[in-house]
Amino acid sequence: MAGYRSKFSHLCCAIALAATAMVAQAERQCLDCHADDDAPIHAIAGTVHGSLAGGGSETCVACHGASLEHKKKATKNPPDVSFGPEWPSAPEVRNASCQTCHDTGEQLLWAGSEHQQENLSCDSCHNAHQQKDLVLNKQTAEKICTDCHTRVRSELHLPSRHPIAEGKTACTDCHNPHGGTGPAALREVSVNDNCFTCHADKRGPFLWEHPPAAEDCALCHKPHGSVNKSLLTSRSPALCQQCHATAFHPSQPYGSEGLPSGSANRNLLGKDCLSCHSQIHGSNHPSGARLTR
Ligand code: HEC
Ligand code: HEC
Ligand code: HEC
Ligand code: HEC
Ligand code: HEC
Ligand code: HEC
Ligand code: HEC
Ligand code: HEC
Ligand code: HEC
Ligand code: HEC
């Protein structure tokens, strides 16, 4: 190679030769070395990014940087931005590269998001060189999410569940993986607003509200899956008794003495609070103050 030959040249020619060599080497573009036989790399031509900057080596520069040192001595110097496997750049360097173009819209709240703080990078989920970026498809995305979120994965198969495994609802219907303004990177500002996008009938306004329903659906429901029916956090009456220790009628079958010989309340023994208080989310009936109708 010209670079090595210059070492053995006469001193007075060395500078001139080195200069020529640098020009020659600088002209070696990404695709000269990352040639056609590197099929996985070239698959990028079939993606939206493949046509950036008119295709060719300038395309590569958009994400990997100009990488002048790498072009000079590729086996020693990493490109400016590498996503690995050899010389992975720090997550913030990789993310900055993508965010030069993607810092608005869905990606606006990336900075400060839980995923950003956990040192994920865009390529933790996205595959830039593949023609089919699997995370953009709702069904194949679920596997990518649950590979890390294993507890959520197990919740998806509980007896009561949002039909995510069935493909009728998806993680990204409720969450923006790039961050959000509300809790748990939800697409809406609150849990309730998120639920109302699909369960509009629970929004009210009701003549008789049940305060916890108006406040936070998650006080009684688990979002992903539950062993109890209707995604409930626990079963009635235990569910209700978390808050209703005393009521117009006792909320427990026996008095506080807890003696089985005490007289059981006929309203409660063996009965479900819901068999009378059926309008648990709120009632519009004129005499529905007790949520019974
Ligand atoms: C002189 C030939 C040559 C040129 C020019 C070249 N590369 Fe490389 N590149 C290589 C070689 C060889 C490797 C493998 C290095 C290794 O694994 O030791 C490599 C590795 C890489 C890697 C993988 C890094 C990693 O961490 O695994 C990326 C990304 C890369 N090059 C991008 C580019 C880009 C972008 C350009 C153009 C700006 C470019 N290369 C120009 C030869 C070249
Ligand atoms: C849209 C941004 C983007 C563009 C444009 C881009 N890359 Fe990449 N490149 C990545 C990401 C991200 C990875 C990590 C693997 C993945 O996600 O597909 C990567 C991985 C690589 C690797 C390492 C792959 C390995 O497994 O060894 C090489 C080499 C590489 N790119 C070269 C290039 C070349 C050459 C071009 C121009 C034809 C280019 N890249 C264009 C984002 C990009
Ligand atoms: C030079 C600007 C630029 C850079 C850098 C860039 N992108 Fe893009 N990207 C675009 C454009 C333009 C589009 C097509 C229009 C759009 O969807 O915004 C696009 C589209 C996408 C899409 C949607 C693809 C589809 O098929 O609909 C994803 C996902 C994406 N980019 C991820 C990335 C990731 C990850 C990186 C960093 C590894 C990256 N981009 C770097 C410009 C860029
Ligand atoms: C936790 C996984 C994950 C991470 C990390 C992630 N994304 Fe995404 N991204 C997705 C999913 C899922 C979609 C498709 C659903 C959607 O639109 O939100 C998507 C969609 C996109 C799109 C196309 C839709 C649009 O907004 O136009 C772009 C562009 C994009 N991501 C860029 C990025 C960039 C840039 C980063 C890093 C700053 C990043 N993503 C990090 C999962 C992720
Ligand atoms: C590479 C691993 C990884 C992948 C892939 C991943 N996550 Fe995460 N995610 C994490 C980590 C780590 C946390 C923080 C700890 C936790 O809450 O489990 C997190 C947190 C979250 C949170 C809570 C955010 C908050 O603000 O409290 C949500 C929601 C989430 N991820 C959804 C998703 C979705 C949806 C996908 C798929 C599009 C996904 N994640 C893919 C690692 C990952
Ligand atoms: C029907 C809407 C919905 C769907 C679909 C959904 N989530 Fe959630 N998720 C929520 C809500 C709501 C919360 C917050 C609960 C709270 O704050 O009490 C949450 C919380 C989380 C959290 C943080 C708290 C925790 O439980 O660890 C993670 C991580 C998460 N979801 C991941 C996922 C993944 C992965 C998927 C897809 C397999 C998914 N979610 C599907 C609504 C949903
Ligand atoms: C993207 C739409 C969507 C969002 C958002 C959503 N759900 Fe659902 N939910 C569904 C679908 C679809 C079903 C299944 C309905 C069916 O099978 O008839 C369902 C069913 C349910 C069920 C009944 C489960 C069972 O086992 O019978 C409950 C309870 C529920 N959702 C509560 C919530 C709560 C609480 C929220 C907010 C955290 C929420 N949903 C957000 C779509 C959604
Ligand atoms: C005080 C506890 C509680 C709160 C808070 C609550 N729910 Fe429920 N929810 C229940 C109970 C109990 C059931 C089962 C009703 C039955 O089996 O008759 C249920 C059932 C459901 C169902 C399935 C049956 C149906 O009526 O469609 C959906 C959907 C639902 N709730 C959505 C929500 C939404 C959305 C919110 C927030 C606005 C919410 N729930 C808040 C207790 C609650
Ligand atoms: C997270 C706490 C919480 C849970 C769980 C809860 N409630 Fe309530 N409930 C309240 C609050 C707060 C009020 C309003 C009390 C008031 O206005 O004095 C209320 C009001 C009521 C009322 C109307 C009483 C009145 O004085 O107007 C009934 C009936 C009722 N709840 C039944 C139930 C039933 C049945 C369950 C179980 C399915 C349940 N609640 C679960 C907090 C809760
Ligand atoms: C057999 C029917 C029945 C069952 C079962 C039942 N209730 Fe009631 N509950 C009533 C009636 C009737 C009222 C009074 C309604 C009225 O005045 O309009 C009432 C009133 C209430 C009130 C309002 C009390 C007050 O002090 O103003 C609460 C709270 C309540 N019930 C909670 C519960 C809880 C929690 C359970 C389950 C542990 C339960 N109920 C089971 C019929 C029932």
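How far is an oxygen atom of ligand 7 from an N or O atom in the side chain of Ser 160? I looked this up before anything else. The distance is 2.7 Å. I keep in mind that this is a predicted model.

**Entry: ligand 7**

I went on around ligand 7. I find 16 residues around it, and Ser 160, His 162, Cys 195, Cys 198 and His 199 come nearest. Two histidines make polar contacts through their side chains. In His 162, a side-chain N or O atom sits 2.8 Å from a nitrogen atom of ligand 7. For His 199 I read 2.8 Å, again from a side-chain N or O atom to a nitrogen atom of the ligand. Next I asked which elements give two or more residues to this shell. They are helix 12 and helix 13. Helix 13 has the largest share, with three residues. I then sorted the shell by residue class. Seven residues are nonpolar, eight are polar and one is charged.

**Entry: ligand 4**

I repeated the search at ligand 4. Here 17 residues surround the ligand. Glu 106, Cys 122, Cys 125, His 126 and His 178 come nearest. I noted three side-chain contacts. An N or O atom in the side chain of His 178 is 2.8 Å from a nitrogen atom of ligand 4. Gln 107 places a polar side-chain atom 3.1 Å from an oxygen atom of the ligand. Arg 187 also has a polar side-chain atom 3.1 Å from an oxygen atom of ligand 4. Helix 7 (91-99) and helix 9 are the elements that give two or more residues to this shell. By class, I count seven nonpolar, eight polar and two charged residues around ligand 4.

**Entry: Asn 176**

Glu 106 and Arg 187 led me to Asn 176. Leaving aside residues up to four places away in sequence, Asn 176 touches Glu 106, Ala 185 and Arg 187. Of these, Glu 106 is among the residues that come nearest to ligand 4, and Arg 187 has a polar side-chain atom 3.1 Å from an oxygen atom of that ligand. Asn 176 itself lies in the loop between helix 12 and helix 13. Is Asn 176 buried or exposed? Its relative accessibility is 8%, so I log Asn 176 as buried; the cut-off for buried is under 20%.

**Entry: the iron of ligand 5**

Which protein residues coordinate the iron atom of ligand 5? I find His 115 and His 149, both through NE2, at 2.0 Å. His 115 belongs to helix 8 (residues 114-117), while His 149 is in the loop between helix 10 (138-148) and helix 11 (150-155), so the two ligating residues tie together parts 34 residues apart in sequence.

Then I checked the geometry. Six donor atoms surround the iron atom, and their angles run from 88 to 179°, so I record the arrangement as octahedral. For comparison, ideal angles for six octahedral donors are 90 or 180 degrees.

I also looked up how accessible the two histidines are. His 115 has 25% relative accessibility, so it counts as partly exposed. His 149 has 42%, so it counts as partly exposed too.

**Entry: backbone checks**

I scanned for cis peptide bonds. One joins Gly 204 and Pro 205, with omega at about 5°. Pro 205 is in the loop between helix 13 (191-196) and strand 2 (208-209). A cis peptide bond also joins Ser 236 and Pro 237, where omega is about 10°. I place Pro 237 in the loop between strand 3 (225-226) and helix 15 (238-241).

Positive phi came next. Asn 119 is not a glycine, yet its phi is near 65°. Asn 119 is in the loop between helix 8 and helix 9 (122-125). Its relative accessibility is 52%, so Asn 119 is exposed. Ala 184, also not a glycine, has a positive phi of about 50°. I find Ala 184 in the loop between helix 12 (171-174) and helix 13. At 57% relative accessibility, Ala 184 counts as exposed.

**Entry: the whole chain**

Last, I took the totals. The protein has 16 helices and four strands. Of its 293 residues, 23% are buried. I also looked at contacts between residues at least 6 apart in sequence. Among these, 41% join residues at least 24 apart.

Conventions. Residues numbered from 1 in each chain as written. Chains lettered and ligands numbered in written order. Predicted model: local features only at pLDDT ≥ 70, side-chain atom pairs only at ≥ 80, totals over all residues. Heavy atoms only, no water. Donors = N, O, S within 2.8 Å, 3.2 Å for Na, K, Ca; no water. Tetrahedral: all angles 85-135°; square planar, octahedral: opposite > 155°, others 65-115°. Buried < 20%, exposed > 50% of the residue type's maximum accessible area, 1.4 Å probe, protein only. Near = heavy atom within 4 Å. Polar contact = N/O pair within 3.5 Å; in protein donor to acceptor, adjacent residues only side chain to side chain. Nonpolar A, V, L, I, M, F, W, Y, C, P; charged D, E, K, R; others polar. Contact = heavy atoms within 4.5 Å.
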